Amino acid sequence: MKNILDYETVSLIDEDDALEIIDQTKLPGNIDIIRLHTGEEIWNAIYLLQVRGAPAIGVAAGFGLYIFMKYSEAETYAQFLKELREKSDYLNSSRPTAVNLSWALKRMEAHVKAVAVEKLGIEDEADPKGLFNREVLITEMREESQRIKAEDIDVCRRIGENGLTLIEDGYGLLTHCNAGQLATCKYGTATAPMYLAHEKGLNIKVYCDETRPLLQGARLTAFELQSAGIDTTLLCDNMSASLMKTGAINAIFVGCDRVAANGDAANKIGTSMVATVAKRYNIPFYVCAPTSTIDMNTATGDDIKIEQRKPEEVTEMWYKERMAPEGVKVYNPAFDVTDNELISGIVTEYGVIRAPYKENLKKMFDENK
Ligand code: MRU
C-alpha cells in the first residue's frame, strides 16, 4: 500500500494544466490529492497552508507563475513583463515570511529576461525590433519551474548528507514543526539527516514537538517519520524542556523560513524557545537551510516580517467547542526568530556553516557562485 512518502508534495500535471498537491490541512486522516488550475487557486492553497513549508511554497509559486502566464494574451514583450510582475506580486502576497516564495518568483522573472536576450535577441524591454515570442517564453517558464523542483530534491539530499555528519548511532533527536518531505519535494530539510541516518541503519529516536497552533509536528512530521519506519515520539510543545533535561536529546534539527545575513533564523513559532532551552542543557541546535532560504539582503532577524494569523487558530481550531472566552485578545504570530548565538550550525547544501555567520555565510555564497 502507498504511504504518505510515496506521494509528491507538489507537481505539475501538464496534460491538465494544473498544479497537483497533497491537501496538508487534511493530514493525517485523509490523503486528499487536489488539482489547482488557476493562479488564484494556487494563492489560496498557499495562504491556507494546503501547501506549506518554505521550499514547497517556492516550488508551488514557480509553477503558479507559469500557470498564470500560460493564459497570457500579451502581444508585446513589455506587456508580457508587466503582467508577469503583477502576477508575481500577487503570488508573493500569499505569505510574507518564507523567502523561498519571492526567491522562486524572482528566479522565474530573471529566467524570462535571460531567455529574451539569449534566445530571442531582445536587447531592451521596449523590444523595438518586435522579436517577442510568447510561446517560447512560456515554454521556458515551464522548464524553469520544473528545474526549481528538481533542484530542491537534490539540495535536500545534500543537506541530509551534511547533517548526517552531526548524528551518531543511538542519538535522540528533536524537531519542531514540519521541515520534512511534506515541506519540500523530497527528504525535507531538518528530516533529511534523519531519513539518511535511518537508511544507513543508525539507531535513532526522533521526538516531534506537536507545534501549536496548527500542529504541523503532530499531523505531518510524526506522520511522515512514522511512515518511514523511524522510531517516532510525539510530545506537546511545552514538554521539550523536561525531555531535554533527562538527557534523551543529543541534537536538535529544525528548518527555517528565512535566515538573515547575520545568521538569525525565522522558523515556526516556538523554535526560539526550543533553542533557548537547548543552550541551557548544552544540546547542539542546528538550523537546516537550503541557500534559497538564506536572504543576504535582510541584515538581521529584526528585519524579517513575521506573519500574524487569525485568532481562531488558537481559540477554536482542533477543539470540539471553542475553548477560550469570547472576545479574548489573542497573540498568534506564525514564526519567531532564533538569535544566531543560539544556533550551533546552519546546515546547507554546501556544508555546515558555523559562527561567525555574517562572514561565513558570505564566504559560502562567494565560493559557490
Ligand atoms: O507555516 P508553515 O507550516 O509553512 O511553517 C513551516 C516551517 O516553519 C518550516 O519549519 C519551514 O518552512 C522550513 S520547511 C523545510
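**Close-up views of a predicted model**

**View 1. Asparagine 282, just after helix α9.** Asparagine 282 follows directly on α9 and has a positive phi of about 55°. The model shown here and in the other views is predicted. Helix α9 itself spans residues 271-280. Its buried residues are Thr271, Ser272, Val274, Ala275, Val277 and Ala278.

**View 2. The largest cavity and the residues around its centre.** Two cavities of 30 Å³ or more are found when the whole structure is searched. The volume of the largest cavity is about 170 Å³. Its lining is made up of 21 residues, and those closest to the centre are Arg52, Gly53, Ala54, Asn178 and Asp257. By residue class, the lining consists of ten nonpolar, seven polar and four charged residues.

**View 3. Elements and domains that line the largest cavity.** Helix α2 (54-70) and strand β9 (265-268) each contribute at least two residues to the lining of the largest cavity. With three residues, α2 provides the largest share. Because domain 1 (4-156) and domain 2 (162-367) both give residues to the lining, the largest cavity lies between them.

**View 4. The second largest cavity.** The second largest cavity encloses about 50 Å³ of space. Pro213, Leu214, Lys268, Ile269, Arg309, Glu313, Asn332, Pro333 and Ala334 form its lining. Five of these residues are nonpolar, one is polar and three are charged. Lys268, listed here in the lining of the second largest cavity, is also among the closest residues to the ligand.

**View 5. Surroundings of the ligand.** The ligand is surrounded by 18 residues. The closest of them are Arg52, Arg95, Gln216, Asn267 and Lys268. Arg52 also appears among the residues closest to the centre of the largest cavity.

**View 6. Polar contacts to oxygen atoms of the ligand.** In the side chain of asparagine 267, an N or O atom is 2.6 Å from an oxygen atom of the ligand. For aspartate 257, a polar side-chain atom is 3.0 Å from a ligand oxygen atom. Glycine 53 takes part through its backbone, with a polar atom 3.0 Å from an oxygen atom of the ligand. Gly53 and Asp257 are also among the residues closest to the centre of the largest cavity, while Asn267 is one of the residues closest to the ligand.

Definitions and conventions:
Residues numbered from 1 in each chain as written. Predicted model: local features only at pLDDT ≥ 70, side-chain atom pairs only at ≥ 80, totals over all residues. Heavy atoms only, no water. 1 Å grid on protein atoms, 1.4 Å probe; cavity = no way out; pocket = protein on both sides within 12 Å on 5 of 7 lines; lining within 4 Å. Points joined across faces, edges and corners; volume = space filled by probe spheres on them. Helix = DSSP H or I, 4+ residues; strand = E, 2+ residues; numbered from the N terminus. Nonpolar A, V, L, I, M, F, W, Y, C, P; charged D, E, K, R; others polar. Domains from an automatic or database assignment. Buried < 20%, exposed > 50% of the residue type's maximum accessible area, 1.4 Å probe, protein only. Near = heavy atom within 4 Å. Polar contact = N/O pair within 3.5 Å; in protein donor to acceptor, adjacent residues only side chain to side chain.
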